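Colleague: Got a minute to go through this one with me? I'd like to start with the loops and move on from there.

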Amino acid sequence: MDQSEKSQLENGDVFTPRFDANGLVVGIAMDADSRDVLMVAFMDAEAVARTRETGLAHFHSRSRGRLWLKGETSGHVLKVRDILVDCDQDALVMLVEPQGPACHTGATSCFYRRLVDGKLEPVAD
């Protein structure tokens, strides 16, 4: 990437996500009000497009090898209020309004434990 392309990527107004070799970018869902990180997953071009079209967070399920609407079975969708793009356009932060717990375990966030002295302990709500 030459200096002009880098400058356009970092300072321009064109959305050009930089997908990795597997066609994925990191997608971070953050509560729009509390700013708590709810979950991290991967998005391919289809997931980015469907998220933008529907206003609901879509991801690429690596284990299922397909598009995945967050909440498609639980009903706990993530309504996307805003999408933030990092400087080199290889990660997206979605500010969302969660419609229930974000984690499949029923926890509000997938980040419900912390590492203390080599062990995991629950994070207090």
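Modeller: Sure. Arg-35 sits in the loop between E1 and E2. Keep in mind that this is a predicted model.

Colleague: What is the phi of Arg-35 like?

Modeller: Positive, at about 70 degrees, although Arg-35 is not a glycine. The hairpin of E1 and E2 that holds Arg-35 has five residues between the strands.

Colleague: Is Arg-35 buried, partly exposed or exposed?

Modeller: Arg-35 counts as partly exposed, because its relative accessibility is 45%.

Colleague: How do E1 and E2 pair, parallel or antiparallel?

Modeller: Antiparallel, over six bridges, with E1 covering residues 25-31 and E2 covering residues 37-43.

Colleague: Which residue is the bridge partner of Met-30?

Modeller: Val-37, in E2. Val-37 also belongs to a nonpolar surface patch, together with Val-40 and Phe-111. The patch has an area of about 250 Å².

Colleague: Why does Val-37 count as partly exposed?

Modeller: Its relative accessibility is 32%, and the partly exposed class runs between 20% and 50%.

Colleague: Back to odd backbone angles. Which other residue has a positive phi although it is not a glycine?

Modeller: Gln-89, with a phi of about 60 degrees. Gln-89 lies in the loop between E5 and E6.

Colleague: And is Gln-89 buried or exposed?

Modeller: Buried, because the relative accessibility of Gln-89 is 5%. Arg-35, by its 45%, is partly exposed.

Colleague: What touches Gln-89?

Modeller: Phe-15 is one of its contacts. Leaving out residues up to four places away in sequence, Phe-15 touches Val-48, Arg-52, Val-85, Gln-89 and Leu-92.

Colleague: Where is Phe-15 found?

Modeller: In the loop between helix H1, residues 3-11, and E1. Phe-15 counts as partly exposed, since its relative accessibility is 31%.

Colleague: How far apart are Phe-15 and Ala-91?

Modeller: In sequence, 76 residues; in space, 12 Å from C-alpha to C-alpha.

Colleague: Changing topic to aromatics. How many aromatic pairs does the structure hold?

Modeller: One. The pair is Phe-59 and Trp-68, whose ring centres are 5.3 Å apart.

Colleague: Why is that pair called tilted?

Modeller: The ring planes of Phe-59 and Trp-68 are at 40 degrees, so the pair is tilted. Stacked would need planes under 30 degrees apart, and edge-to-face would need over 60.

Colleague: Are those two residues buried or exposed?

Modeller: Phe-59 is buried, with a relative accessible area of 0%. Trp-68 counts as buried too, at 18% relative accessibility.

Colleague: Now salt bridges. How many are there?

Modeller: The count comes to seven. One of them joins the side chains of Glu-97 and Arg-81, at 3.0 Å from N to O. The pair links distant parts of the chain, with Glu-97 in strand E6 (residues 91-98) and Arg-81 in strand E5 (residues 78-85), 16 residues apart.

Colleague: How exposed are they?

Modeller: Glu-97 is partly exposed at 32% relative accessibility, and Arg-81 is partly exposed at 44%.

Colleague: Which residues are linked with Arg-81 in a network of salt bridges?

Modeller: Asp-33 and Glu-97.

Colleague: What about helix H1, which residues there meet in a salt bridge?

Modeller: Glu-10 and Lys-6, with 4.0 Å from N to O. The two are four residues apart in helix H1, which means that about one helical turn separates them.

Colleague: And their exposure, buried or partly exposed?

Modeller: Glu-10 is partly exposed at 37%. Lys-6 is also partly exposed, at 36%.

Colleague: Last one. Which residue does Glu-72 meet in a salt bridge?

Modeller: Arg-64, at 3.7 Å from N to O. Glu-72 is partly exposed, with a relative accessible area of 37%, and Arg-64 is partly exposed at 45%.

Conventions. Residues are numbered from 1 along each chain as its sequence is written. This is a predicted model: local features need pLDDT of at least 70, side-chain atom pairs count only at pLDDT 80 or more; totals for chains, interfaces and linings use all residues. Side-chain values use heavy atoms; hydrogens and water are left out. Two strands pair if DSSP finds at least two bridges between them. Patches are made of residues with over 30% relative accessible area and no salt bridge: like charges are joined within 9 Å, nonpolar side chains (Val, Leu, Ile, Met, Phe, Trp, Tyr) within 5 Å. Accessible areas come from the Shrake-Rupley method with a 1.4 Å probe; for residues, only the protein chains shown count as cover. Buried means under 20% relative accessible area, exposed over 50%, partly exposed in between (1.4 Å probe, protein chains only). Contact means heavy atoms within 4.5 Å. Rings of Phe, Tyr and Trp (its six-membered ring) pair if their centres lie within 6.5 Å; planes under 30 degrees apart count as stacked, over 60 as edge-to-face and the rest as tilted.
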